[in-house]
Amino acid sequence: MSKLSSPAVVAALLAEHGIRLKQKWGQNFLVDENILRKIVQTAEVCSHDHVLEIGPGIGTLTQKLAEKAGRVTAFEVDSRLLPVLAKTLASYPNVEIVLQDALAADYDRFCATSGPVKLVANLPYNIATPLLYRWLKKYRSCFSRLVCMVQKEVAERLVALPGRKAYGVLSVVCRYASQAEIAFFVPQTVFFPRPEVASAVVKMVPRGETALAADEELLFYKVVEAAFAKRRKTALNALHAAFGINKEKLLFLGGVACLDLSRRGETFTLEEFVRLTRLLAPHLPDSC
Ligand code: SAM
């Protein structure tokens, strides 16, 4: 079979199966050998790896992963692509395609037998952010590493530090749950069809140990979300509005932890959010 990384081959395969691409599923396929190679290299895929790919499309990246990995499982939501994948992956016995919405998948169940997997994906743009939240907050122990192509702005939000415009809830959650870096940037020209936005590949290695115990994490996420809900509000006003604790008490607690709550929440570092969570926990009902 001809190389899948050719726009002409992609167009012919889709026409042969009567498939019109759907924007709602972010169907922009990679057509650049160099970028495919760099993704596999960034994930350091080797023969003892079980790789989980999200959205195999017509199988372009899947083929490259299957050449290096022991095993590849790929979740695809678009059933029309299954006959295409059966054809393009026919000579890769180590690949299993599962018709599965990645947003609804139970990754704990998936990894129960295999242990942590490497997640490698050219993510559908419109669901990249909710998927990353889910993985980082709920399922990080399922992954030994995540290597994901995302919209450039999402990549910048993932790794942003306080004081940057891109700094937000996603940045804090990502830093809390993983060590993340932008591996490289990717222009629109390497996709078929071309998207309107530039992309970047992000590498995230989930932390084995996190700063907070599992039962404190729910509150941590609420504190972070409250702090960013109204970016122009002080942390004092944001926390008062979110948790109903009176301001004098909040100021006292802030003083105990050397945290100036008259600052905007968006200026707080991860370490400060962790301290704030520990401080607030005893003063909130269990339901918080
Ligand atoms: N991996 C291929 C490549 O790099 O050429 C295709 C990537 S394309 C950006 C995104 C893929 O994700 C498409 O195949 C799309 O159908 C699939 N997809 C979209 N939403 C999905 C979801 N919720 N669950 C699983 N797959 C999804």
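Two strands count as paired when DSSP finds at least two bridges between them. I start there since the sheet is my first topic. What I am showing is a predicted model.

First, the overall picture. The protein has 288 residues, and 50% of them count as buried. There are 12 helices and 9 strands. The C-alpha trace spans about 70 × 40 × 30 Å along its principal axes. Take the contacts between residues at least 6 apart in sequence: 70% of these join residues at least 24 apart.

Now the sheet. In which order do its strands stand? The order is 4-3-2-5-6-9-7, which makes 7 strands in an open sheet with mixed pairing. At the edges are strand 4, residues 95-99, and strand 7. Each of these has a single partner strand, so one side of each has no neighbour in the sheet. On average, neighbouring strands are turned by 20° against each other, with direction ignored.

Let me go to strand 6, residues 143-151. Of its 9 residues, 7 are buried, so the strand is mostly covered under a cut-off of 20% relative accessible area. On one side, strand 6 pairs with strand 5, residues 117-122; the two run parallel and are joined by 6 bridges. If you want to find this pairing on the screen, look for K118, which stands opposite R145 of strand 6. Another pair to look for is N122, opposite M149 of strand 6.

How does the chain get from strand 5 to strand 6? The path goes through helix 6, residues 128-138, and the resulting β-α-β crossover is right-handed. Helix 6 lies across strands 2, 5, 6, 7 and 9, and runs at about 165° to strand 6.

Strand 6 also pairs with strand 9, residues 199-206. This pairing is antiparallel, again over 6 bridges. Here C148 has V202 of strand 9 as its bridge partner.

Next, two helices that are mostly out of view. Helix 8 covers residues 169-177, and 8 of its 9 residues are buried, so the rest of the structure largely encloses this helix. The buried ones are V169, L170, S171, V172, V173, C174, Y176 and A177. What covers them? The cover includes helix 6, helix 7, strand 7, strand 9, helix 9 and helix 12.

Helix 3 is mostly covered as well, with 7 of its 9 residues buried. Those residues are T60, L61, T62, Q63, K64, L65 and A66. I will pick out T62, which sits in helix 3, residues 60-68. Is T62 buried or exposed? Its relative accessibility is 0%, so T62 counts as buried. Leaving out residues up to four places away in sequence, T62 touches E53, P56, V72, L89 and V95.

On to a helix pair, helix 9 and helix 12. Helix 9 is residues 214-229 and helix 12 is residues 270-280; their axes come within 9 Å and cross at roughly 115°. The crossing is right-handed. From helix 9, the contact uses E216, L219, F220, V223, V224, A227 and F228. From helix 12, the contributors are L270, F273, V274, L276, T277, R278 and L280. By type, the residues of this contact divide into 11 nonpolar, 1 polar and 2 charged.

My last stop is T234, in the loop between helix 9 and helix 10. With a relative accessible area of 23%, T234 is partly exposed. The cut-off for buried is under 20%, so at 23% T234 does not count as buried. Which residues does T234 touch? They are L261, S262, R263 and R264, not counting residues up to four places away in sequence. For R264, the separation along the chain is 30 residues, while the C-alpha atoms of T234 and R264 are separated by 4.2 Å.

To go back over the main points: the sheet is open and has 7 strands of mixed pairing. Strand 6 pairs in parallel with strand 5 and antiparallel with strand 9. Helix 8 is largely enclosed, and helix 9 passes helix 12 in a right-handed crossing. That is what I have for today.

Technical notes
Residues numbered from 1 in each chain as written. Predicted model: local features only at pLDDT ≥ 70, side-chain atom pairs only at ≥ 80, totals over all residues. Heavy atoms only, no water. Axes fitted to C-alpha atoms, helices over the stretch in contact; angles between N-to-C directions. Helix = DSSP H or I, 4+ residues; strand = E, 2+ residues; numbered from the N terminus. Left-handed = near helix turned anticlockwise from the far one by under 90°. Contact = heavy atoms within 4.5 Å. Nonpolar A, V, L, I, M, F, W, Y, C, P; charged D, E, K, R; others polar. Buried < 20%, exposed > 50% of the residue type's maximum accessible area, 1.4 Å probe, protein only. Right-handed = clockwise from strand over helix to strand, strands pointing away.
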